[in-house]
Amino acid sequence: MAHRKPANRELRLTGTVASGGLVAGQVVCLDRPDGTQQPAPVQTPAQEKTVLDRAVSAAVSDLRALVAGLDDEEAAGIVEFQIAMLEDETVVEPAHGAIRTGTAAAPAWAVAMAGLIDDYETASDDYFRARTADLADIRDRVMRHLGAMRETPIRPGSVVICDNLAPTRFLETDWSGSGIVLYAGSACAHVAMLARSRGTAMLVGVGHGDHPRGGVALIDTENRCVIFNPGATTVNDFERRRAAGLARAQADRRFLDRPAKTADGTRVEVHLNISQPEELDSLDPAHCDGIGLVRTEFLFRGERLPDEETQLACYARMVKWAGGRPVTIRTLDAGGDKPVAGLTLEGESNPFLGVRGFRLSRRHEKIFKTQLRALLRAAALGPVGIMIPMITVPQEMDAARRLLNEARGELAVRGVSYGNTALGMMVEVPAAALCIDRFTADFYSIGSNDLAQYVMACGRDNPHLDELMEGHPGVLRELVERVCAHAGASGRQASICGDMAGDRQAIPMLLEAGLRCLSVPPAALAPTKAAIARHGGRKSGAGADD
């Protein structure tokens, strides 16, 4: 990552916006480690093996401590993938083999991981290619414990520039007042999702430029660029827009306590997406119309699968928090980029097109019915909707309803009380959206993230396809309109719970397509309500209260 020292002039490099924001700060360049340093002379192979094993164990301990403090299911899943890799003997064995031939621990580990990373980078499957950043993170963490690498500190108020950023490095850093510029990366990669969830400005795919390695830089996602050596005119314009953005955010907060309505008075429900119950502790239920998506994968992260009572306690906590507002809980959506040890299949050529969501639940009916029984029991405490992910053909919804009825019967035999639940489906497969009138579901929730990647034939984690992915709104609108039209004609509710629901620019299109229920992350509640209030509400939609 060598750069010639440029003249002291303003320099702009453009990229793709992964997470919006305007940030001014000191440049911090994170150089790519070369992995060739050796902290000590070669000892005996047995001693070097012990050195490596201790470093790997220390890295695992780091990651376990990190995951214990996370309240984000997506982030925890990323870290747990790394733990699983480090505990996999097949990952460490090549380094052990090199040590047996006389190589020291650090270079043995670096070379072994370079081979594994190359295998993932050249894989035909987007899932494996997207994991290369995690593998590089694993490599570097162990190298630091071997004393072969030092970590550049990142202080609040920095503009961090590097090839790519490890997800755990992101999670371990205080990003107050800071932003990120990546030469590589993708707007759909794990670290980009983490940046969006935490409101950290990020540009990716920025071309290697002849830029300074110090001084002040501006991240300007409104203009998709990073600016080095900004001149006075540029700084003044930047600060004016940043002040306007802060004022807009403050104005948006005025809408938190109000029901969401368009400018012409059309009522729109705004629900929450959550990954685990701890997220609710700092939230006021009066700020939303309910919970539109509970990702239950967080319950299946441990060494043992959760039993019925464990799941019931978790679901009950959410239902009680909602205080009579509806709570929609998605059944286990494992597979794709969310593997669960002991459940998901290994070695699938394309996990995103493989046995995931309900396809996996059907293979494990006993585990699935345990979850259904817990959900039925939680429904005795308040309104609960059960949402089935990755539905492709009508027969799958029929099978889900059959299994729900069986779970209900099992509770009745035990004399355990339960409540009535609506059984809905995620609309994230184009085949389902196109034939939505053939599905016997009580409600429909559009998963825009997966629907976009499937309809555009573009992997969400492939940085070379970002431009194509940005061209999907028109195509998605047709599918959204089709789902809303059927929902309205059949007296059912249609909603959306993907990233698009909280996208200020996409909200007008969603409302005009007929949606009257959006489910968004907690941080997006205020801006989503504000965007709704500024829209004219020209088209009546499914479940509308006009």
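A contact here is a pair of residues with heavy atoms within 4.5 Å. In the predicted model, 68% of the contacts in the protein chain between residues at least 6 apart in sequence join residues at least 24 apart. The protein chain contains 19 helices and 16 strands. Of its 546 residues, 55% count as buried. The exposed surface of the protein chain amounts to about 23,100 Å², and carbon and sulfur atoms supply 50% of this area.

Strand 12, formed by residues 384-388, is mostly covered, with five of its five residues buried. In a regular strand, side chains alternate between the two faces of the sheet. In strand 12, V384, I386 and I388 point one way, whereas G385 and M387 point the other way, and all are buried. Strand 12 has pairing partners in strand 11 and strand 13. With strand 11 (residues 327-330), strand 12 pairs in the parallel sense over four bridges. R330 has M387 of strand 12 as its bridge partner. Strand 13 (residues 421-427) also runs parallel to strand 12, and five bridges join the two. In this pairing, V384 stands opposite T421 of strand 13.

The connection from strand 12 to strand 13 includes helix 13 (residues 394-414), and the three elements make a right-handed β-α-β unit. M390 is placed in the loop between strand 12 and helix 13. Most residues other than glycine have a negative phi. M390 is not a glycine, yet its phi is positive, at about 60°. The relative accessible area of M390 is 2%, and the residue is therefore buried.

Within helix 13 lies L403. Because its relative accessibility is 0%, L403 counts as buried. Not counting residues up to four places away in sequence, L403 touches F358, E365, F368, K369 and L372. One of these residues, E365, is 38 residues away from L403 along the chain, and the two C-alpha atoms are separated by 7.9 Å.

E365 falls at the start of helix 12, which covers residues 365-378. Helix 12 has 14 residues and reaches 20 Å from its first C-alpha to its last, close to the 20 Å expected at 1.5 Å a residue. Because 11 of its 14 residues are buried, helix 12 is largely enclosed by the rest of the structure. The buried residues of helix 12 are F368, K369, T370, Q371, L372, R373, A374, L375, L376, R377 and A378. They pack against both helices and strands: helix 10 (308-322), helix 11 (358-363) and helix 13 on the one hand, and strand 11, strand 12 and strand 13 on the other.

Helix 3 (residues 89-100) has 12 residues. From its first C-alpha to its last, helix 3 reaches 16 Å, close to the 16 Å expected at 1.5 Å a residue. V91, V92, A95, H96 and I99 of helix 3 are buried. Seen down the axis of helix 3, the buried residues fall within an arc of 125°, so they line one face of the helix. T90 and R100 are exposed on the other side of helix 3. Just after helix 3, G102 takes a positive phi of about 110°.

Two further residues were examined. T132 lies in helix 6, which covers residues 132-145. Residues under 20% relative accessible area are buried, so T132, at 15% relative accessibility, belongs to this class. Not counting residues up to four places away in sequence, T132 touches I117, Y120 and E121. R224 is placed in the loop between strand 7 (216-220) and strand 8 (225-228). Like M390, R224 is not a glycine and has a positive phi; the value for R224 is about 55°. R224 counts as partly exposed because its relative accessibility is 38%, whereas M390 is buried.

Terms used: Residues numbered from 1 in each chain as written. Predicted model: local features only at pLDDT ≥ 70, side-chain atom pairs only at ≥ 80, totals over all residues. Heavy atoms only, no water. Expected span 1.5 Å × (residues − 1). Buried < 20%, exposed > 50% of the residue type's maximum accessible area, 1.4 Å probe, protein only. Arc of directions from axis to C-beta. Areas by Shrake-Rupley, 256 points an atom, 1.4 Å probe, with all protein chains shown as cover. Pairing = 2+ DSSP bridges. Right-handed = clockwise from strand over helix to strand, strands pointing away.
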